[in-house]
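Colleague: Could you take a close look at one part of this model for me, the strand hairpin and what lies around it? I would be glad of a connected account that also places it in the chain as a whole.

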Amino acid sequence: MQGFSFDTVRKIVCAAGSRHTLGAICLELGMKHVLFVTDPGIIKFNLHLDALKSLEQSGLKITICADVQADPPEHIVVHATESAKKQGIDGVIGYGGGSSMDVAKLIALLANPAQSQNISDIYGVNNINGQRLPLIQIPTTAGTGSEVTAVAIVTTGETTKMGVVSPTLFADIAILDAELTLDLPAAVTAATGIDAMVHAIEAFTSQHKKNPYSDMLAREALKLLDQHLQTAVHHGHDINAREKMLLGAMMAGQAFANSPVAAVHALAYPLGGHYHIPHGLSNALVLIPVLRFNLLHATDLYAELYRTLEPAVTGNSDELAEKLIQRLEQHIKHSGLPKNLSEMRIKDAQGDIHTIPLEHLPILAADAMKQTRLLINNPRPLVEADALAIYQAAYS
């Protein structure tokens, strides 16, 4: 066995209702004035009130940053960081989906008074110098796994996404409270659930840093997600299904934080950058064509994953790998998600709604090739012509 290292957050709290203990946890980390990073949807539906009450009861000063958007633009991070510095923030809480938690990571780093780097200095892998402020992450969706990853994704310019990757971004504590996910709409539950499945699959098949520990987490994550996704989508108040989805998404996050994702994510990013398609849905739209592209190079690994889902199954690796792909196709179908790009309706600069033009696909393919950080992990080498063929397959 090749040697490996494995990094993750220092502490995980997984319990329904655990948001009520947030104040005490902040005090454990020495926080006095916390920045609560979230998005307008959380505020609109009052999903933050219990957490704020716990902070107030613990005597903490609270500043709320609720400006986070999906695919967060760089300027939101910069503005929030400047504001946090002026107010003397000494701890950060990310509360929401992946975008809120990614922004929280970057603010915790860049708002540290001892930090001299700007956001433009830290894009890429291991470009961070210095330490961050104390950081707590609380997901309200079961998908991104951002609460246990050392990656933050930011939209730069009009359409391009850039990543910051460094162990410094691992949170001090991740809090998993399944009660926060009970009211998620079915479409969001489905898209984020498929996103988590992609994390598990790509971590298990990654060409770099794949290791026995991440493999274990990826297999267990995929099993939990496979068993409970449809219940969570169609019976959203089933607390057991919600808790298992949250746990599975976190395990998948731990897996890909150490054995990184690949072409599904590389091809999904341009869909978010150009059309603001949510990240989980973007992954779902390109997942099946990427798996079929990779099939010849990942047959045994896909078969092993299917055996994890169905331990008693018989058949050769070719048959079982195909069954895994079919299983994922069925999850997408039964979750009610769009099956292909031609079903998507997007808004243009004039506000008109239309389908994605076929002539845009080469632009997407060219943009996907910029994601070299991800493409090097793919089990099969992929060039621009391959990316275009995958988008064409995803279109119809």
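Modeller: Happy to. Let me start with the pairing itself: strands E7 and E8 run antiparallel to each other and are joined over six bridges. Please keep in mind that this is a predicted model. One of the pairs in this ladder sets Ile153 against its bridge partner in E8, Gly163. Three residues lie between the two strands of the hairpin, and in this hairpin Gly157 has a positive phi near 65°.

Now look at E7 on its own. The strand covers residues 151-156, and six of its six residues are buried. In a regular strand, side chains alternate between the two faces of the sheet. In E7, Val151, Ile153 and Thr155 point one way, while Ala152, Val154 and Thr156 point the other, and all of them are buried. Ile153, the residue bridged to Gly163, therefore belongs to a strand with both of its sides covered, as residues under 20% relative accessible area count as buried.

The partner strand leads us to an enclosed space. Rolling a probe the size of a water molecule over the atoms shows where empty space is left. Searching the whole structure gives three cavities of 30 Å³ or more, and the largest cavity holds about 70 Å³. Its lining consists of Thr159, Thr160, Lys161, Tyr269, Pro270, Asp367, Lys370 and Gln371. Two elements give two or more residues to that lining, strand E8 (160-165) and helix H10 (263-275). Sorted by class, the lining of this cavity has three charged, three polar and two nonpolar residues.

For an open space, turn to the second largest pocket, with a volume of about 240 Å³. Its lining has 14 residues, and those nearest the centre are Ile288, Pro289, Glu329, Ile332 and Lys339. Helices H11 (279-309), H12 (317-334) and H15 (384-395) each give two or more residues to the lining of this pocket, with H11 giving the largest share, five residues. Seven residues of the pocket lining are nonpolar, four are charged and three are polar.

Gly157 is a glycine with a positive phi, so let me add two residues of other types. Most residues other than glycine have a negative phi. Asp71 has a positive phi near 50° and sits in the loop between strand E3 (61-65) and helix H4 (74-87). Asn126 also has a positive phi, near 60°, and its loop joins strand E5 (124-125) to strand E6 (135-139). Their surroundings are quite unlike: Asp71 is buried because its relative accessible area of 12% is under 20%, whereas Asn126 is exposed because its 52% is over 50%.

Finally, here is the setting for the hairpin. The chain contains 15 helices and 11 strands, and 58% of its 396 residues count as buried. Its C-alpha trace spans about 60 × 50 × 45 Å along the principal axes. A compact globule of 396 residues would have a radius of gyration near 21 Å, so the 20 Å of this chain agrees with that. Of the contacts between residues at least 6 apart in sequence, 76% join residues at least 24 apart.

Key: Residues are numbered from 1 along each chain as its sequence is written. This is a predicted model: local features need pLDDT of at least 70, side-chain atom pairs count only at pLDDT 80 or more; totals for chains, interfaces and linings use all residues. Side-chain values use heavy atoms; hydrogens and water are left out. On a 1 Å grid over the protein atoms alone, a cavity is a set of points where a 1.4 Å probe fits but cannot get out, and a pocket is an open set with protein on both sides within 12 Å along at least five of seven lines; lining residues have an atom within 4 Å of a point. Grid points are joined across faces, edges and corners, and a volume is the space filled by probe spheres set on the points. Helices (H or I, at least four residues) and strands (E, at least two) are DSSP runs, numbered from the N terminus. Ala, Val, Leu, Ile, Met, Phe, Trp, Tyr, Cys and Pro count as nonpolar, Asp, Glu, Lys and Arg as charged, and the others, Gly among them, as polar. Buried means under 20% relative accessible area, exposed over 50%, partly exposed in between (1.4 Å probe, protein chains only). Two strands pair if DSSP finds at least two bridges between them. The radius of gyration is taken over C-alpha atoms; the globule rule is 2.2 Å times the number of residues to the power 0.38. Contact means heavy atoms within 4.5 Å.
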